[in-house]
Amino acid sequence: MVYRKLADARPFRLDTVAALLGLTIAIGLLPLQLLASQVYLNTVPIVLGTACGLYLLSLYQEDEAGTVPTLPSSVAMALPGIVLAATAGLVAIVIVQETRTPLFFAAASLVATTIVGQIFFTSDDDFHPGVLVLQIVLFAFVFRFTALYATPGYIGIDIWTHAELTEAILLEESLSGIADDKHYAAPFYHLLVAASALVYDVPIRLAVYLSVGLVMPLSVLLVYATTNLLVPARWATLSAACYAVASHVTLWGLHPIPTSLGLVFFLGMLYALIRVMRIEYTIRDFSLLVLMSVAVVLTHQVSTFIMLVLLLAAFVAQLVFVAGPLGLTRLDTSVFRAKKPVNLVGLVVFNIGLTIFAWSLTPYRQDSFLETILSFFTETLEESAGFLNIASGSTASDEQAAEEAATSPTLLEQLVPYLDILGFLFLLGATFVGCLYVVHRRRAEQSVFTLLLASAFMLVFVLGFPMFGIHNFIPNRWFAFLFAPMAILGAIGLRTLSTNLNPTVVTAVLLVFALVFPGAMIVAAESNIDNPIFGDQHERLAYDEPDLAAANSIADLTGSPAGSEIRPDQQLHTDHPYQTVITRTGAYPSTTTASVPEDGVTDHDYTVYRSAQSSDGVYFTDEYGDSRIDHIDQTQLCRADHATVYTNGDVTMCTPSPASSS
């Protein structure tokens, strides 16, 4: 193989310089692993270096690019039917096994891999985007709704509170039912669910699934439509498939709360934003953009902040193209048609003003939401911010000392954190390649630069700030929003490699992506919170009938007293997350996580034991107040001097025995 000289690759071209700079940064970040042990520090530099290396390789091999091998027509025609039959088989597995088991997730991974494989390796004559989009949407529906079907109650934590808020609106027949809650100024979710309950005449749980639950799988169509404004249909279907199986996107389909609806409106706004940048838009197109942005503000506060970050990225992209640094405005019309950047100043000012106004009126912790979050952020900067002050707050030396004092983790315990983020890393690598492609001056335009800057800004909030101990922005909520521009840029990146790399290399790259990415996203903890694949490392955020029956019985037994009526010594203690159900449903408002010393017994007076505490991964605190996932025996929580006041065989409530107090 004959490679061109570096000079022939025009090293001073912006995308080439960016690739070389990225490779240098990746190498420079490697020593940080010696200063702190953190999964992203250990992996992101490798992903960045690999992506930059592949992009540089594509510059060398550009003249040697050929056709990627394709599937025979008979196979390509048979695969859609096989996928539909296998998707129906996923439903059958859940019906027979009554939950989503490892068998279900393994089969789902094969189905998702088959869908992605069709996108990569189907010839142009056999490629039908409508058929593939149908497969993607059906898979998204089945993967989410099988979990909702098999779970007696809700999946997740916050959903229990939002169900109570919706019930309050229905009882009061107005928003006055949640007048003291922060969602009073962002009520779209609760009004939608309440309206669905009235229109369909169904309970609130079913109303949630028939409203927000239904639109979550359909939202992948917005990602497809947005990507199709930039690249051909094949790569638009790839971005939709990547988004449909993404772990955090699945999470908000299993746990449909205001974040979920905010995500849908965010995707609608992203589509409208890219659309006005790519076409000669009309007032109707811009009105849709404004409408979507207002809907986000009136749905969810965190989603609103993320939307403002997107708008900031679009505004910065506008400034870049108006000022024209580095010749970015000299577009090659054979790649993108020259178009004057869209002026977004009015939209940005309007949304910032509306957000400040809404947050100033939003009640939160006896103050306004705006004042409270500013206070929290200031407190964090003053007290806990610091370089490499990661979530664990520990350095490499601290962790080494801890490991010497504790049992060495098993190989599985060491691998699980990496398996959880493996899918994200694959998408991140493709995104890096896509970013390098669009910074070439011939390909640069406002729309793709908006996606690039939005991804960069969001990654700062998701990965950057937590490295400094700043978690006020709830980085875990950002991933599903971040995955949208990443899926689009990732599709552009893989398209670039498939066009410029020689067939042998590109086939290997696409094959590895198709085989690993879907399964990695499905195995990630966020995709299986209803029944974790690695149950000893992740808590289960779904409950069986005995768990829910016990919560109702505890409410009847205690009379559901108000929190102010409960003395500190009467606080109820159980595992996390079960304590959140008892608290958020109002069964017994003063309930918290039990403190159970290792190989010891608790000293709490009022406790609730359930069989899951002995078999599943649940959280307790130790004698030092540190949280840990552990298994305990019933005698550790319900002591010998306790009296049993309720049991249904799986859940037991224990209180001080009258005999022990006499």
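# Exercises on cysteines, a sheet and a helix contact

Cys242 is buried, with a relative accessible area of 4%. The exercises below concern a predicted model, and each one is followed by a solution in steps.

**Exercise 1.** Determine how far the sulfur of Cys242 is from the closest cysteine sulfur, and explain why the two form no bond.

*Solution.* The first step is to find the closest cysteine sulfur to that of Cys242, which belongs to Cys435 and lies 15 Å away. The second step is to apply the cut-off, which asks for sulfur atoms within 2.5 Å; the 15 Å separation is therefore too far for a bond. The third step turns to Cys435, which is in no disulfide either, since the nearest cysteine sulfur to its own, that of Cys52, is 10.0 Å away. Cys435 also counts as buried, because its relative accessibility is 14% and the limit for that class is under 20%.

**Exercise 2.** Find which cysteines form a disulfide, and state which parts of the chain the pair ties together.

*Solution.* The distance rule gives a count of 1 disulfide. The pair is Cys638 and Cys654, whose sulfur atoms are 2.0 Å apart, and with 100° about the S-S bond the link is right-handed. To place the two ends, note that Cys638 lies in the loop between α25 (634-637) and β8 (642-647), whereas Cys654 belongs to strand β9 (residues 651-656), so the link ties together parts that are 16 residues apart in sequence. As for solvent exposure, Cys638 counts as buried at 9% relative accessibility, and Cys654 counts as buried at 1%.

**Exercise 3.** Work out the strand order of the open sheet that contains β9, and identify which strands stand at its edges.

*Solution.* Start from β5 (residues 606-610), a mostly covered strand in which 4 of the 5 residues are buried. On one side, 2 bridges join β5 to β3 (residues 572-574), and these strands run parallel; Leu572 has Tyr606 as its bridge partner, while His573 stands opposite Thr607. Next, β5 is joined to β9 by 4 bridges, this time in an antiparallel arrangement, with Tyr609 partnered by Thr652. Extending the pairing outward gives an open sheet of 5 strands in the order β4-β3-β5-β9-β8, with mixed pairing. The edges are β4 (591-593) and β8, each of which has a single partner strand, so one side of each is left without a neighbour in the sheet. Neighbouring strands are turned against each other by 30° on average, direction ignored. To complete the picture, helix α22 (residues 545-558) lies across β3, β5, β8 and β9, and runs at about 30° to β9.

**Exercise 4.** Establish whether Gly493 is buried or exposed, and list the residues that it touches beyond four places in sequence.

*Solution.* Gly493 is found in helix α20 (residues 479-500), and because its relative accessibility is 0%, Gly493 counts as buried. With residues up to four places away in sequence left out, Gly493 touches Ala430, Val433 and Gly434. The contact can be placed by looking at helix α18 (residues 411-438), which has 28 residues and reaches 40 Å from its first C-alpha to its last, close to the 40 Å expected at 1.5 Å a residue. Helix α18 nevertheless bends by about 45° at Ile421. As a last step, consider Val438, which is 55 residues from Gly493 along the chain; the C-alpha atoms of these two residues are separated by 9.0 Å.

Conventions: Residues numbered from 1 in each chain as written. Predicted model: local features only at pLDDT ≥ 70, side-chain atom pairs only at ≥ 80, totals over all residues. Heavy atoms only, no water. Buried < 20%, exposed > 50% of the residue type's maximum accessible area, 1.4 Å probe, protein only. Contact = heavy atoms within 4.5 Å. Expected span 1.5 Å × (residues − 1). Bend = angle between axes of the 7 residues up to and from the residue. Pairing = 2+ DSSP bridges. Axes fitted to C-alpha atoms, helices over the stretch in contact; angles between N-to-C directions.
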